[in-house]
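Trainee: I have a structure with a ligand in it, and I would like to learn how to read the place where the ligand sits. Could you take me through it step by step?

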Amino acid sequence: MGQIPDMMRAIIAEGSGGPEVLKVVQRPVPRPGDGEILVRVKAAGVNRPDVIQRQGGYPPPPGAPDILGLEIAGEVVAAGPSAGRFSVGQPVMALVPGGGYADYAVVHESNALPVPPGLSNEEAGAIPETYFTVWTNVFDRGHLQAGETFLVHGGTSGIGTTAIQLAKAFGATVIATAGSQEKCDACLRLGADVAINYRTQDFVAAVKEATGGRGADLILDMVGGDYIPRNYEAAAQDGRIVQIAFLQSPKVEVDFRRLMVKRLTHTGSTLRPRSPAEKAVIARALEDKVWPLLAQGRCRPVMDSTFAFEDVAKAHARMDGGEHIGKIVLSL
Ligand SMILES: NC(=O)c1ccc[n+]([C@@H]2O[C@H](COP(=O)([O-])OP(=O)(O)OC[C@H]3O[C@@H](n4cnc5c(N)ncnc54)[C@H](OP(=O)(O)O)[C@@H]3O)[C@@H](O)[C@H]2O)c1
């Protein structure tokens, strides 16, 4: 493997707590196994699940490295046995189950995707986690159809900015919630038809008003807590609700009669523990349906800020502060 070094920089959380627990350490460069590629990482996206892992609330699944980071962009530098899709030197982006905050990362080649033309390393590194998550939850599980009304909470999150753009690109009417006027304006600039400042407006009443009393056909929720009964109120008859996180609380008292009477479907999913084969199915759908949109510039990651690798604590502090709009990325 030529000039590939034996050791590399990697970021781990030493214990759990604030951004100060993040440490740059030396680790062996991983070797690609069967079907895997080794990527020289040039950018690694920072995601809320990394923050929750740092805080001790989201341990890596069995077999995943303790190095943080769920998405990367970079250059293929080696391929393991039976890996033949990408050539050495090719730019790729990939979803990884951990290990993204490092100079090198291994990934099954089926979980990597080519980088569409015109995207920087930082933009490419900001794509996989939210695009995989939005595709599998909004389109696979949520069955969003053109002409439907889609409500997304956390409209300016990494997930939210992706969901707004993709839902619009596939012909939905989009309503987004966010916690400030500035964030609402950003949602509208991204194409949302309606943006609701949940601090000054009741989102249930605002959704009803925006839909002529009908409600939203599909709701993507990361908040939980009292949003669960309120989502049941905001949903249309036969509406679907997809739960991807519980930033407020996973426990709440709910009157389920609303779910029954409105014939609602409430589902949810996590991405990280899924097998490479399951993630590969999502990757192929993205490549088929969404990569042409990226190539045409019809959707693009919304970049909040880029930090140098060694400034990872500053990157996490930015996410902890909650003022970001779109994606935070580490540049290597
Ligand atoms: N299930 C899955 O497969 C999966 C995969 C990836 C991510 N996720 C989850 O999706 C969520 C978004 O991830 P991300 O990386 O896009 O995060 P992010 O950019 O940090 O976004 C979090 C958003 O949630 C809003 N929010 C509402 N209530 C909040 C609260 N109590 N605490 C903190 N934020 C709150 C914030 O906006 P306002 O200021 O407008 O409130 C913010 O925009 C995270 O909860 C993450 O764990 C789930």
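Mentor: Let us begin with the site itself, keeping in mind that this is a predicted model. The space that the ligand takes up is the largest pocket.

Trainee: Which residues come nearest to the ligand?

Mentor: The shell around the ligand holds 24 residues, and of these R48, G179, K183, Y198 and S269 come nearest. Sorted by character, the shell consists of twelve nonpolar, nine polar and three charged residues.

Trainee: Which helices supply at least two residues each to that shell?

Mentor: They are α1 (48-54), α3 (128-141) and α4 (158-169), and α1 gives the largest share, with three residues.

Trainee: What polar atoms of K183 and S269 lie by the ligand, and at what distances?

Mentor: For such pairs we look for N or O atoms within 3.5 Å of each other. In K183 a polar side-chain atom lies 2.6 Å from an oxygen atom of the ligand, whereas in S269 a backbone N or O atom lies 2.8 Å from a nitrogen atom of the ligand. A polar backbone atom of I159 is likewise 2.9 Å from an oxygen atom of the ligand.

Trainee: How much of the ligand's accessible area does the protein cover?

Mentor: On its own the ligand has 900 Å² of accessible area, and the protein covers 87% of that.

Trainee: What does UniProt list for residues 17-330?

Mentor: An unreviewed UniProt entry lists them as "domain: Enoyl reductase (ER)". Over residues 17-330 the chain is 31% helix and 26% strand, with the end C-alpha atoms 20 Å apart.

Note on methods
Residues are numbered from 1 along each chain as its sequence is written. This is a predicted model: local features need pLDDT of at least 70, side-chain atom pairs count only at pLDDT 80 or more; totals for chains, interfaces and linings use all residues. Side-chain values use heavy atoms; hydrogens and water are left out. A residue is near a molecule or strand if one of its heavy atoms lies within 4 Å of it. A polar contact is a pair of N or O atoms within 3.5 Å; within protein, one must be able to donate a hydrogen and the other to accept it, and residues adjacent in sequence count only if both atoms are side-chain atoms. Accessible areas come from the Shrake-Rupley method with a 1.4 Å probe; for residues, only the protein chains shown count as cover. On a 1 Å grid over the protein atoms alone, a cavity is a set of points where a 1.4 Å probe fits but cannot get out, and a pocket is an open set with protein on both sides within 12 Å along at least five of seven lines; lining residues have an atom within 4 Å of a point. A molecule sits in a cavity or pocket if more than half of its atoms lie within 2 Å of its grid points. Helices (H or I, at least four residues) and strands (E, at least two) are DSSP runs, numbered from the N terminus. Ala, Val, Leu, Ile, Met, Phe, Trp, Tyr, Cys and Pro count as nonpolar, Asp, Glu, Lys and Arg as charged, and the others, Gly among them, as polar. UniProt positions are given in the numbering used here, feature names are shortened, and annotations may be inferred rather than shown by experiment.
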